[in-house]
Amino acid sequence: MATDNNRTLIYNARIVNEGTVTSGYVLIDGEIIGEVGAGAAPQALEELASEKIDAAERLLLPGAIDGHVHFRDPGLTHKADMATESRAAVAGGVTSFIDMPNTVPATTSIAAVEDKMARAAQVSCANYGFFIGATNTNLDELLAADYSKIAGVKLFLGSSTGNMLVDSESAISRIFSEVPALIAVHAEDENIISANRKTFGEEYGDDAPINFHPAIRSRKACLEATRRAVEGARKYGARLHVLHVSTADELQFFSAGPVECKRITAETCPQYLLFCDEHYQTFGARIKCNPAIKRASDREALRKAVADGVIDVISTDHAPHLEQEKQGGALKAVSGMPMVQFSLPVMVTLASEGTFTIEQVVEKMCHNPAKIFGIERRGFIRPGYYADLVLVDDSCEPYSVDSGMILSKCGWSPLEGAPLRAKTDITWVNGRQVWRYGVLFSSASAKALVFKQNQ
Ligand SMILES: [Zn+2]
């Protein structure tokens with residue numbers, strides 16, 4: 001095991017960083033990246049290193065930063081908890097996560113965020129940060145929050161799991177105009193969804209077949225809520241981040257270009273890039289999530305938007321439930337699926353198939369989350385940055401996820417049976433190996449993320 005005084009030389013790596021792939025080496029010095037270079041490592045570094053790792057031309061990436069997870073802790077820990085899910089994260093190459101506020105109690109006060117930080121400090125294997133949730137009545141908390149410690153404000157413009165629907169126009173306008181931080185929005189129009197639910201309920205009773213999920217949580221519900229969020233953000237000058245974009249239609253609200261120049265950014269998730277409505281037949285409610293997975297044409301448009309720079313971030317919306325909670329159809333089964341352990345292998349697999357490039361995967365999963373949230377000294381392979389790194393084998397034999405690999409507490413994955421062509425071999429968090437060839441080294445090396453809000 002590495003120690004705090006370790007010097008690890010990783011050589012013969014294909015380093016993917018800041019738009020290029022370079023053959024070279026990285027020296028980890030304690031918890032920090034000491035040196036990065038092209039070609040063979042200098043003799044002096046070889047002598048300095050206490051451990052040397054031949055990367056054998058595998059990919060060396062910055063650890064992924066997942067800006068959208070639901071680790072269910074506190075209150076829903078029968079589904080997942082901070083310890084189990086942070087282990088799943090590092091097993092996949094996710095070295096930092098930002099957790100959402102729909103826990104029990106809901107994270108809608110500064111005190112509730114502090115409770116989560118204290119819990120994470122004790123048990124998390126990955127670096128951690130938290131959103132504070134907006135309600136119709138907690139503007140005081142949102143304005144008093146220290147946004148160097150809190151990633152931003154989560155605003156549910158539609159209903160979702162938890163009870164944080166913000167539907168008061170005056171609350172929304174004050175949040176947009178007064179909160180000095182990034183506002184991440186779940187955009188689905190509740191009125192449209194309720195009307196659809198009523199229609200399908202009248203026809204089918206308690207439950208409706210799963211393939212109607214995207215008809216109930218419809219594309220129109222997404223389009224209207226995203227339109228409203230974007231209009232509000234423009235009107236009040238808010239820094240808006242639209243979560244889990246699921247339709248081609250919503251892409252009209254976003255523009256290509258460097259994330260530094262944007263006031264409105266967009267996220268999508270691996271499930272919207274992998275699956276489409278044809279998969280409800282095979283996977284049933286396993287792939288039920290909110291917003292719903294929609295048509296093949298949406299999936300194609302989203303893939304193109306990732307490649308074109310219209311989508312800025314890939315996060316997982318990792319939202320585990322027990323398998324027995326996923327029973328039923330479009331009205332009864334709960335929404336959400338685990339994803340954090342396999343998001344990076346999935347995205348590297350899609351890159352190997354030519355859907356987008358490996359440089360773009362690193363941009364959307366590492367660089368851009370660091371930029372969007374202003375995360376200090378993470379997300380890039382640069383001297384002086386924390387040594388959050390991941391060694392990925394992208395020439396492994398194709399394999400599929402089986403239940404024995406799954407570290408999430410829920411014990412299942414929507415990816416079981418899906419072929420993957422990339423595997424996370426080693427993950428470093430703050431210079432320490434926490435995952436190595438299928439073995440987890442439990443570690444207290446994780447830190448709270450520090451945010452430099454520039455909103
Ligand atoms: Zn979510």
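# Exercises on a predicted structure

Strand E10 (residues 183-186) and strand E11 (residues 240-242) run parallel and are joined by three bridges. The model is predicted, so to speak of local features we need pLDDT of at least 70, side-chain atom pairs count only at pLDDT 80 or more, and totals for chains, interfaces and linings use all residues. Residues are numbered from 1 along each chain as its sequence is written, and side-chain values use heavy atoms, with hydrogens and water left out.

## Exercise 1: the sheet

Place E10 and E11 in their sheet, and find what packs on it.

*Step 1.* Get the terms straight. Helices (H or I, at least four residues) and strands (E, at least two) are DSSP runs, numbered from the N terminus. Two strands pair if DSSP finds at least two bridges between them.

*Step 2.* Look at one bridge. Isoleucine 183 has leucine 240 as its bridge partner in E11.

*Step 3.* Zoom out. The open sheet has eight strands with parallel pairing, in the order E6-E7-E8-E9-E10-E11-E12-E13. E6 and E13 are the edge strands, each pairing on one side only.

*Step 4.* Add the helix. Helix H8 (residues 219-236) packs on the sheet and touches E10, E11 and strand E12 (264-268). Touching, or contact, means heavy atoms within 4.5 Å. The direction of H8 makes about 165 degrees with that of E11; axes here are lines fitted to C-alpha atoms, for helices over the stretch in contact, and angles run from 0 to 180 degrees between N-to-C directions.

## Exercise 2: a second set of strands

Work out which strands E5 pairs with, and in which sense.

*Step 1.* Start with E1. Strand E1 (residues 7-17) pairs with strand E5 (residues 59-62) in the parallel sense, over two bridges. Arginine 14 has leucine 59 as its bridge partner in E5.

*Step 2.* Now try E14. Strand E14 (residues 389-393) runs antiparallel to E5, and four bridges join them. Here leucine 59 stands opposite valine 392.

## Exercise 3: the zinc ion

Which protein atoms are the donors of the zinc ion, and where do their residues sit in the chain?

*Step 1.* List the donors: NE2 of His68, NE2 of His70 and OD of Asp317, lying 2.1 to 2.2 Å from the ion. Donors are N, O and S atoms within 2.8 Å of the metal (3.2 Å for Na, K and Ca), and water is not among the atoms, so sites may look incomplete.

*Step 2.* Check the spacing. In sequence the donor residues go H-x1-H-x246-D. Histidine 70 is in the loop between strand E6 (64-69) and helix H2 (82-92), while aspartate 317 is in the loop between strand E13 (313-314) and helix H12 (343-352), 247 residues apart.

*Step 3.* Buried or exposed? Histidine 70 is buried, at a relative accessible area of 6%, and aspartate 317 is buried too, at 7%. Buried means under 20% relative accessible area, exposed over 50%, and partly exposed in between (1.4 Å probe, protein chains only).

## Exercise 4: aromatic pairs

Describe two of the aromatic pairs and follow one ring further.

*Step 1.* Know the rule. Rings of Phe, Tyr and Trp (its six-membered ring) pair if their centres lie within 6.5 Å; planes under 30 degrees apart count as stacked, over 60 as edge-to-face and the rest as tilted.

*Step 2.* Nine such pairs turn up in the whole structure. Phenylalanine 97 and phenylalanine 130 form an edge-to-face pair, 6.4 Å centre to centre with 85 degrees between the planes. Phenylalanine 97 lies in strand E7 (residues 94-99) and phenylalanine 130 in strand E8 (residues 127-133), 33 residues apart. Phenylalanine 97 is buried at 0% relative accessible area, and phenylalanine 130 is buried at 0% as well.

*Step 3.* Phenylalanine 131 and phenylalanine 373 have ring centres 5.9 Å apart and planes at 75 degrees, so this pair is edge-to-face. Phenylalanine 131 lies in strand E8 and phenylalanine 373 in helix H13 (residues 358-373), so the pair ties together parts 242 residues apart in sequence.

*Step 4.* Stay with phenylalanine 373, which is buried at 2% relative accessible area. Among the residues that phenylalanine 373 touches are Gly67, Ile98, Leu182 and His241.

*Step 5.* Finish with a cluster: ring pairs link Phe71, Phe97, Tyr128 and Phe130.

How values were computed:
Lists of a residue's contacts leave out its neighbours within four places in sequence.
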